[in-house]
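Subject: Handover of a structure and findings

Dear colleague,

Please find below the structure that I am handing over to you. My account of what was found in it follows directly after.

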Number of protein chains: 2
Amino acid sequence: MSEIKDEPKGLRVKPINNGTVIDHIAGGQALNVLKILGIAGTTDATVSVVMNVESRKLGKKDIVKVEDRELDKSQVDKIALIAPNATINIIRNYNVVEKHHVEAPKEVVGLVRCETPNCITNKPREPVRSKFTVVSYEPLQLKCGYCERITTDIVKHLF
Amino acid sequence: MSEIKDEPKGLRVKPINNGTVIDHIAGGQALNVLKILGIAGTTDATVSVVMNVESRKLGKKDIVKVEDRELDKSQVDKIALIAPNATINIIRNYNVVEKHHVEAPKEVVGLVRCETPNCITNKPREPVRSKFTVVSYEPLQLKCGYCERITTDIVKHLF
């Protein structure tokens with residue numbers, strides 16, 4: 001047995017210079033948040049993630065830090081769907097220059113694909129954006145404004 | 001602008017009590033390593049990951065820490081394919097009780113699916129395990145011992 005008391009070359013995560021820290025993500029959702037940011041499989045992004053750590057507020061939470069990246073509105077709106085308590089901190093020059101709480105929406109427009117294959121919002125030639133009302137938050141259930149189908153597996157159906 | 005000099009509720013990653021630290025993963029491969037461990041999408045696992053941090057040895061490297069998990073041989077062998085410099089540290093009661101360097105194999109048996117759809121190793125009724133020789137390590141190219149097809153996108157073809 002090694003005498004090393006602590007872990008090797010641990011995960012001492014340095015503060016980031018510029019980028020985004022997404023905190024208070026619902027426990028276990030971090031990989032879905034990364035997917036929303038376009039980070040999946042092999043990646044060049046400098047990222048740190050913790051998943052399912054203790055949180056007073058949420059029980060378990062995840063945190064994602066991405067260097068040199070700020071989020072666009074569509075990404076923030078998608079994160080709000082799967083992590084409605086998330087806070088988004090924009091870091092510039094080691095300072096938190098902006099801090100947002102995402103807002104769980106009542107209506108979801110243009111972010112999620114309807115589960116019904118032949119819903120008008122899925123026809124490539126129809127210029128109709130998908131539109132849902134939120135039926136329930138936990139678990140998240142969205143009702144299509146056109147065909148009324150309920151979509152539940154939101155991560156799978158994100159655009 | 002906030003006066004906080006450091007980031008909020010940072011990623012202070014605590015040492016793990018029991019589990020596995022996989023270090024010296026080739027930069028950008030951590031999400032593929034997680035996939036090998038069965039951690040994808042929404043997860044219950046307690047995991048920390050850093051991706052593309054500076055490494056003297058590798059230029060950029062990733063580190064994955066998973067609590068309460070030890071790897072089986074097939075997982076170690078798959079990690080060796082995509083991260084041939086990885087070190088695997090088994091932690092028990094905060095001590096490193098085992099440390100392994102993975103070994104890039106010369107032959108790969110039963111880990112990867114051949115790209116040829118009708119290769120004998122892909123026929124569900126044939127009891128033939130896939131078998132490849134390594135043609136090149138960077139990038140990793142595997143040659144099927146049956147149909148001789150070269151498989152390059154290893155992550156996609158892992159069993």
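A residue is called buried here when its relative accessible area is under 20%, exposed when it is over 50%, and partly exposed in between. By that rule, both B:Asp23 and B:Lys61 are buried. Please bear in mind throughout that this is a predicted model.

The buried pair in chain B

The two residues just named form a salt bridge, in which the closest N and O atoms of B:Asp23 and B:Lys61 are 3.0 Å apart. B:Asp23 belongs to strand S1 (residues 19-26) of chain B and B:Lys61 to strand S3 (residues 59-67) of chain B, so their contact ties together parts that are 38 residues apart in sequence.

Overall features of chain A

Chain A contains 3 helices and 9 strands. Read from the N terminus, its elements follow the order β-α-β-β-α-β-β-β-β-β-β-α. Along the principal axes, the C-alpha atoms of chain A fill a box of roughly 65 × 35 × 30 Å. Chain A has 159 residues, of which 45% count as buried. Its exposed surface comes to about 8,500 Å², with carbon and sulfur atoms supplying 48% of that area. Among the contacts in chain A with a separation of 6 or more, 59% are accounted for by residues 24 or more positions apart.

The sheet

An open sheet is formed by 10 strands, in the order S5(A)-S4(A)-S1(A)-S3(A)-S2(A)-S2(B)-S3(B)-S1(B)-S4(B)-S5(B), with antiparallel pairing. Its edge strands are strand S5 (95-101) of chain A and strand S5 (95-101) of chain B, each of which pairs on one side only. From one strand to the next, the twist averages 15 degrees.

Where do the two chains pair within this sheet? S2(A) and strand S2 (residues 47-55) of chain B pair in the antiparallel sense over 5 bridges. At this junction, A:Ser48 stands opposite B:Val50 in S2(B).

Strand S2 (residues 47-55) of chain A is mostly covered, since 7 of its 9 residues are buried. S2(A) is also joined to S3(A) by 7 bridges, and these two strands run antiparallel. A hairpin leads from S2(A) to S3(A) through 3 residues. A:Ser55 has A:Gly59 as its bridge partner in S3(A).

Strand S3 (residues 59-67) of chain A pairs in addition with strand S1 (residues 19-26) of chain A, in the antiparallel sense and over 6 bridges. Here A:Ala26 stands opposite A:Lys61 in S3(A).

The nonpolar core

In soluble globular proteins, nonpolar side chains tend to be buried together. The largest nonpolar core of this model has 76 residues, and those with the most contacts inside it are A:Ile22 and B:Ile22. Which residues does A:Ile22 contact, leaving aside its neighbours within four places in sequence? They are A:Val33, A:Leu37, A:Asp62, A:Ile63, A:Val64, A:Leu71, A:Ile79, A:Ala86, A:Thr87 and A:Ile88.

Other salt bridges

Over all chains, the structure holds 12 salt bridges. One network of salt bridges links A:Glu70, A:Arg92 and A:Glu98. Within it, A:Arg92 forms a salt bridge with A:Glu98, with the closest N and O atoms 3.9 Å apart. A:Arg92 is partly exposed, at a relative accessible area of 36%, and A:Glu98 is likewise partly exposed, at 32%.

In chain B, the side chains of B:Glu54 and B:Lys60 meet in a salt bridge, at 3.5 Å from N to O. B:Glu54 is exposed, with a relative accessible area of 63%, whereas B:Lys60 is partly exposed, with 39%.

A helix residue in chain B

Finally, B:Ile36 lies in helix H1 (residues 30-36) of chain B. Is this residue buried or exposed? B:Ile36 has a relative accessibility of 11% and therefore counts as buried. Not counting residues up to four places away in sequence, B:Ile36 touches B:Gln75, B:Lys78, B:Ile79, B:Ile82 and B:Leu158. The C-alpha atoms of B:Ile36 and B:Val135 are separated by 22 Å, and the two residues are 99 residues apart along the chain.

Yours sincerely

Conventions
Residues are numbered from 1 along each chain as its sequence is written. Chains are lettered from A and ligands numbered from 1 in the order in which they are written. This is a predicted model: local features need pLDDT of at least 70, side-chain atom pairs count only at pLDDT 80 or more; totals for chains, interfaces and linings use all residues. Side-chain values use heavy atoms; hydrogens and water are left out. Two strands pair if DSSP finds at least two bridges between them. Helices (H or I, at least four residues) and strands (E, at least two) are DSSP runs, numbered from the N terminus. Axes are lines fitted to C-alpha atoms, for helices over the stretch in contact, and angles run from 0 to 180 degrees between N-to-C directions. A nonpolar core is a set of buried Ala, Val, Leu, Ile, Met, Phe, Trp, Tyr and Cys residues joined through side-chain atoms within 4.5 Å. Buried means under 20% relative accessible area, exposed over 50%, partly exposed in between (1.4 Å probe, protein chains only). Contact means heavy atoms within 4.5 Å. A salt bridge is a side-chain nitrogen of Lys or Arg within 4 Å of a carboxyl oxygen of Asp or Glu. Accessible areas come from the Shrake-Rupley method with a 1.4 Å probe; for residues, only the protein chains shown count as cover.
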